[in-house]
Amino acid sequence: MCNTNKKLGWRTKLVLLRLGMRMWMYVQSERSQGRLPPIDPFNRETKPSACHGVPLGGMGGGSIGRGFRGEFRRWQFIPGVCEEGPVLANQFSVFVTRQKEGGGEKKISSVLAPGRPQELEGIKDDQLGISSWDWNLDGQHTTYHALFPRAWTIYEGP
């Protein structure tokens with residue numbers, strides 16, 4: 001049985017302090033040589049947080065995360081080197097064709113990510129490429145659910 005009220009003794013504190021100093025010196029030496037250390041507990045940016053969603057992937061195969069807005073983000077192929085921002089080209093989208101009552105077809109398409117990304121600000125919709133996609137999903141009718149290792153999003157509304 002584990003006693004959580006037990007305080008650390010001075011010897012344990014000294015051992016942990018020496019370990020922390022060795023880790024800090026290693027991280028600093030890697031940075032001074034222009035390399036990213038594979039383990040950096042002192043850099044807050046490398047630690048996952050709630051906005052990163054559920055990680056996908058496995059041991060040795062890299063990883064990709066899915067953010068709570070539906071976008072893919074936080075991907076890596078080399079351990080310790082992580083790309084934080086979303087990749088706009090890697091989005092889910094839906095295309096629906098419906099028959100009109102009077103004949104003809106109504107085509108609806110949407111990227112399954114709420115709102116237009118900030119990276120596309122200043123780009124006209126009539127240009128080809130990602131900016132011409134339909135970024136018209138309303139995030140008010142979208143619900144993200146995550147229960148590790150699964151994550152899903154429910155899209156409702158027009």
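Me: Which residues does Glu105 touch, not counting residues up to four places away in sequence?
Reply: In this predicted model, Glu105 lies in strand E6. Its relative accessibility of 44% falls between the limits of 20% and 50%, so Glu105 counts as partly exposed. With residues up to four places away in sequence left aside, the residues that Glu105 touches are Thr97, Arg98, Gln99 and Lys100.

Me: In what order do the elements of the protein run from the N terminus on?
Reply: The protein has one helix and eight strands. Helix H1 covers residues 10-32, and strand E1 covers residues 54-57. From the N terminus on, the order is α-β-β-β-β-β-β-β-β.

Me: Which elements of the protein have the lowest and the highest mean pLDDT?
Reply: Across the protein, pLDDT averages 75, and 75% of the residues score at least 70. Where pLDDT is low, the predicted coordinates should not be read in detail. Among the elements, the lowest mean, 59, belongs to strand E1 and the highest, 92, to H1.

Me: How far apart are the end C-alpha atoms of H1, and what span should its residues give?
Reply: H1 has 23 residues, and the expected span is 1.5 Å times one less than that number, so a span of 33 Å should result. The expected span agrees with the distance in the model, where the end C-alpha atoms of H1 are 33 Å apart.

Me: Which residue just after H1 takes a positive phi, and of about how many degrees?
Reply: Helix H1 takes in residues 10-32. Just after H1, the residue with a positive phi is Gly34, at about 80 degrees.

Me: Is Glu30 buried or exposed?
Reply: Glu30 is found in helix H1. Its contacts, apart from residues up to four places away in sequence, are Arg35 and Pro37. The relative accessibility of Glu30 is 11%, which is under 20%, and therefore Glu30 counts as buried.

Me: With which residue does Arg35 form a salt bridge, and how far apart are the closest N and O atoms?
Reply: The count of salt bridges comes to one. Arg35 is partly exposed, with a relative accessible area of 42%, whereas Glu30 is buried, at 11%. The salt bridge of Arg35 is with Glu30, and the closest N and O atoms are 2.9 Å apart.

Me: Which residues form a nonpolar patch on the surface, and about how much accessible area do they have together?
Reply: One of the patch residues is Met21, which lies in helix H1. Met21 has a relative accessible area of 43%, between 20% and 50%, so Met21 is partly exposed. The patch consists of Trp10, Leu14, Leu17, Met21, Trp24, Met25 and Phe42, with about 810 Å² together.

Me: What share of the area that the protein exposes do carbon and sulfur atoms supply?
Reply: Buried residues make up 18% of the 158 residues in the protein. The protein exposes about 12700 Å². Of this area, the share supplied by carbon and sulfur atoms is 57%.

Me: What distance separates the C-alpha atoms of Pro114 and Gln140?
Reply: Pro114 has its place in the loop between strand E6 (105-111) and strand E7 (142-147). Its relative accessibility is 24%, so Pro114 counts as partly exposed. Pro114 and Gln140 are 26 residues apart along the chain, and their C-alpha atoms are separated by 8.3 Å.

Me: What percentage of the contacts with a separation of 6 or more comes from residues 24 or more positions apart?
Reply: The contacts considered here are those in the protein with a separation of 6 or more. Among these contacts, residues 24 or more positions apart account for 26%.

Definitions and conventions:
Residues numbered from 1 in each chain as written. Predicted model: local features only at pLDDT ≥ 70, side-chain atom pairs only at ≥ 80, totals over all residues. Heavy atoms only, no water. Patch = residues over 30% accessible without salt bridge, like charges linked within 9 Å, V, L, I, M, F, W, Y side chains within 5 Å. Areas by Shrake-Rupley, 256 points an atom, 1.4 Å probe, with all protein chains shown as cover. Salt bridge = Lys/Arg side-chain N within 4 Å of Asp/Glu carboxyl O. Helix = DSSP H or I, 4+ residues; strand = E, 2+ residues; numbered from the N terminus. Buried < 20%, exposed > 50% of the residue type's maximum accessible area, 1.4 Å probe, protein only. Contact = heavy atoms within 4.5 Å. pLDDT = per-residue confidence, 0-100.
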